[in-house]
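Student: Could we take a close look at one part of this model together? I would like to begin with its aromatic side chains and then see what surrounds the rest of the chain.

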Amino acid sequence: MKRKNAVISFYLVICLLFLSPAFSFCVFGAQEEEGVLEAYQDYQQRFWGITSRREIEAAGFQVITDQIFPIETSCFGGVMLIPALEKTYHRLALFLVREDGTIVYRTDQLEVNNKNKGQMKQPIKELAAVSFQELDGDGRMDIVLIVICENETGSYRRKPYKVGDVLFQNEQGFYRDYRISDKINRFSMNKSVECITAFVRDGRSAEFLYTATTRRELLSQGFQVAQEQCYFRQFEKLGRLEVVPGTYTMADFAVFMIYLINEQGEIVWSFQPMGEYDNLYALKGITCRDIDGDGMKDILVLARYSYEGNELLTESNYSIYYQRTDGFFEDTMIQKRYPCSDEDTVAGLVEKARAYWGWKTEG
């Protein structure tokens with residue numbers, strides 16, 4: 001009984017859920033808990049105290065002027081959508097404002113405000129897109145958002161990534177279906193407004209890329225295999241497998257995946273080398289050979305990708321996956337020492353990577 005009570009107490013300390021709508025996070029220790037609670041109460045007081053457009057800035061929010069748009073609503077009529085970023089904690093808020101400046105609706109219950117669990121401060125850098133689309137067939141305009149974020153710490157520090165969201169209009173205002181927002185972001189369908197629209201309105205989805213168990217299932221859903229890069233290899237721990245790279249195109253964005261498939265057509269392992277890039281521009285090559293000197297074949301893939309932010313960017317990048325006894329693990333160190341350039345080749349990158357692990361190179 002004592003052990004059971006101790007376990008319960010532990011989880012109560014680890015995961016304390018505040019009762020504010022859709023706002024929950026874990027805190028560690030009484031001091032940190034108290035500090036977060038005070039910060040949240042202060043933030044909420046300022047947020048809900050805003051009654052007119054002129055008070056937004058005074059309450060500590062920076063209006064995002066280039067993303068202000070008019071929208072016709074069922075319950076408020078014609079209003080202006082005004083997004084604003086809280087200056088201290090970088091939390092995004094949306095305000096619907098009448099012509100006389102009166103705020104008739106507001107929300108901060110957005111996917112992007114919950115990226116840093118247990119923290120007030122969020123990694124928001126900019127609001128990349130606001131679009132009005134009729135998504136659920138009720139004749140009302142819904143709101144699509146895409147926000148660009150950057151983490152300040154961790155493995156993906158200062159690497160921009162997108163967070164998509166949808167607010168559905170109803171007779172009372174707007175609501176968010178967290179299940180839809182979760183799938184948009186978990187399965188990388190947040191690359192553009194068009195991708196989100198294709199998923200929510202048209203029912204297209206990239207989810208199968210991550211959940212399929214057979215080659216047949218991939219092909220039946222529209223996965224296009226890059227036949228010139230397919231080949232069988234004997235992997236020491238996983239057996240004879242076919243390396244199957246390819247793409248699934250969604251709203252003109254090609255999602256790049258690589259699968260290892262056995263002779264029965266079953267998917268044994270999968271990789272997504274493109275990470276937070278939006279689109280595969282060109283696949284330059286894939287090789288399977290021992291890179292880290294443990295006697296087992298690893299995988300290196302080189303490709304050119306594109307990313308749409310304020311402007312379209314294209315760049316080459318590579319990924320290395322090391323074979324281990326229980327599967328593959330992605331390299332996180334070599335890219336920091338040897339950044340990729342457009343002149344790099346698969347063979348050249350293999351030599352650099354092998355040198356990193358102490359292999360002798362021709363010289």
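Which residues do ring pairs link into a cluster?

Tutor: Happy to walk through it with you. This is a predicted model, so local features are taken where pLDDT is at least 70, side-chain atom pairs count only at pLDDT 80 or more, and totals for chains, interfaces and linings use all residues. Residues are numbered from 1 along each chain as its sequence is written, and side-chain values use heavy atoms, with hydrogens and water left out.

To your question: the cluster joined by ring pairs is made of Y40, Y43, F47, W48, F61 and F95. Rings of Phe, Tyr and Trp (its six-membered ring) pair when their centres lie within 6.5 Å; planes under 30 degrees apart are stacked, over 60 edge-to-face, and the rest tilted. There are 21 aromatic pairs in the structure. In one of them, F47 and W48, the ring centres are 5.2 Å apart and the planes meet at 75°, so this pair is edge-to-face. Its two members differ in exposure, where buried means under 20% relative accessible area, exposed over 50%, and partly exposed in between (1.4 Å probe, protein chains only). F47, with 0% relative accessibility, is buried, while W48, with 51%, is exposed.

Another edge-to-face pair is F208 with Y248, at 4.9 Å centre to centre and 90° between the planes. F208 belongs to helix α6 (residues 208–211) and Y248 to strand β12 (residues 239–250), so the pair ties together parts that are 40 residues apart in sequence. Helices (H or I, at least four residues) and strands (E, at least two) are DSSP runs, numbered from the N terminus. Both rings are shielded: F208 is buried at 7% relative accessibility, and Y248 is buried at 5%.

Y248 also leads into the hydrophobic interior, through L209. The largest nonpolar core (a set of buried Ala, Val, Leu, Ile, Met, Phe, Trp, Tyr and Cys residues joined through side-chain atoms within 4.5 Å) has 52 residues, and L209, F223 and I299 have the most contacts inside it. Strand β13 (residues 253–261) gives the largest share of this core, eight residues. Leaving aside residues up to four places away in sequence, L209 touches F223, Y248, V255, M257 and Y259, with contact taken as heavy atoms within 4.5 Å. Apart from this core lies another, of 23 residues, including V79, L92, L127 and Y161. In soluble globular proteins, nonpolar side chains tend to be buried together.

Rings meet charges as well. A charge sits over a ring if NZ of Lys or CZ of Arg is within 6 Å of the ring centre and within 35 degrees of the ring normal. The charged end of K162 is placed over the ring of Y307, 5.1 Å from its centre, and that of R354 over the ring of W359, 3.5 Å from its centre.

R354 is also one of the buried residues of helix α9 (residues 346–356), together with V346, L349, V350 and A353. These residues cover an arc of only 135° around the axis, which puts them on the same side of α9; the arc is that of the directions from the helix axis to the C-beta atoms. Their packing partners are β15 (279–289), β16 (298–308), β17 (312–324) and α8 (334–337). After α9 comes G358, with a positive phi near 95°.

Finally, charges pair with each other. The whole structure has 21 salt bridges, each a side-chain nitrogen of Lys or Arg within 4 Å of a carboxyl oxygen of Asp or Glu. In the bridge between E57 and K87, the closest N and O atoms are 3.7 Å apart. E57 sits in helix α3 (residues 55–58) and K87 in the loop between β3 (77–86) and β4 (92–97), so the bridge ties together parts that are 30 residues apart in sequence. E57 is partly exposed at 33%, and K87 is partly exposed at 46%. For K183 and E207, the closest N and O atoms are 3.0 Å apart. K183 lies in helix α4 (residues 178–186) and E207 in the loop between α5 (193–200) and α6, 24 residues apart. R201 and D202 form a salt bridge at 2.8 Å, N to O, and D42, R46 and E86 are joined into one network by salt bridges that share partners.
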